[in-house]
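User: Please take a close look at one part of this model, the packing between two helices, and give the criteria behind each term.

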Amino acid sequence: REKQLAALEKLRTDVKTIISGNASAELQKTIATLTQETEQYSKLADTAIDMATVDINTGMALLQSADDQYKAMTVTLGELAAALSAQGAVDMAALESKAKHGTYLIAALMLLSCVAALGFNWLTQRRILRDIDRGVRTAALVAEGRLDVQTSSDSRDEIGDLLRSLGVMVTRLRDILKTVSEAADSIKVASAEVATGNQDLSQRT
């Protein structure tokens, strides 16, 4: 009897520990009923043992009442097991719902990341193609003899370096052309002066 009571008490304690703060009203009611029936069974059993030493008939009657109480406890334990099973099913469904929600959230975040990555790549490619087109048009104008074009770039990548180098090349070509033009003008003036000098010398002789 003492082992039974100890086992029942341990069961009640374990159940309360497991479902503490997460028990439904029905489950809490079942636990309260089991606690009450356990206490009643303990009292009836103790009283039956004490009375058996005084009056065997009274003791037997009390033992019968204790046995009935034990059967009631068994029924309550069955109800508790069913309630725990139902509670477990509810908790499992809640966990599955949270897991599914988390999965959907992760999938949505991944989709947004993919869209953002595609958008970033599209913008980057568009900028690169625009800069390349600027470089091609500048080179074509230079090839036509247009050295008044200017090109530059704020980009810090290879395309930006190419455009800046192209701009420096055009500037240097323009400076070289200017120098050559000035030298040609100087040669032309000198040639005219030499021709004039030769003519004067011919007239004197």
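Analyst: The helix packing comes first, followed by a salt bridge in one of the two helices.

This is a predicted model, in which local features need pLDDT of at least 70 and side-chain atom pairs count only at pLDDT 80 or more, while totals for chains, interfaces and linings use all residues. Residues are numbered from 1 along each chain as its sequence is written, and side-chain values use heavy atoms, without hydrogens and water.

Helix 2 spans residues 25-52 and helix 3 residues 56-143; helices are DSSP runs of H or I with at least four residues, numbered from the N terminus. Their axes lie 8 Å apart at an angle of about 160°, where axes are lines fitted to C-alpha atoms over the stretch in contact and angles run from 0 to 180 degrees between N-to-C directions. Helix 2 is therefore roughly antiparallel to helix 3, a term for angles over 145 degrees. The crossing of helix 2 past helix 3 is left-handed (the near helix is turned anticlockwise from the far one by less than a right angle). Residues of this contact comprise 20 nonpolar, 11 polar and two charged (Ala, Val, Leu, Ile, Met, Phe, Trp, Tyr, Cys and Pro count as nonpolar, Asp, Glu, Lys and Arg as charged, the others, Gly among them, as polar).

Within helix 3, K71 and D67 are four residues apart, which means a separation of about one helical turn. K71 forms a salt bridge with D67, with 3.7 Å between the closest N and O atoms; the criterion is a side-chain nitrogen of Lys or Arg within 4 Å of a carboxyl oxygen of Asp or Glu.

How values were computed
Helices (H or I, at least four residues) and strands (E, at least two) are DSSP runs, numbered from the N terminus. Angles under 35 degrees count as roughly parallel, over 145 as roughly antiparallel, 65 to 115 as roughly perpendicular and the rest as oblique.
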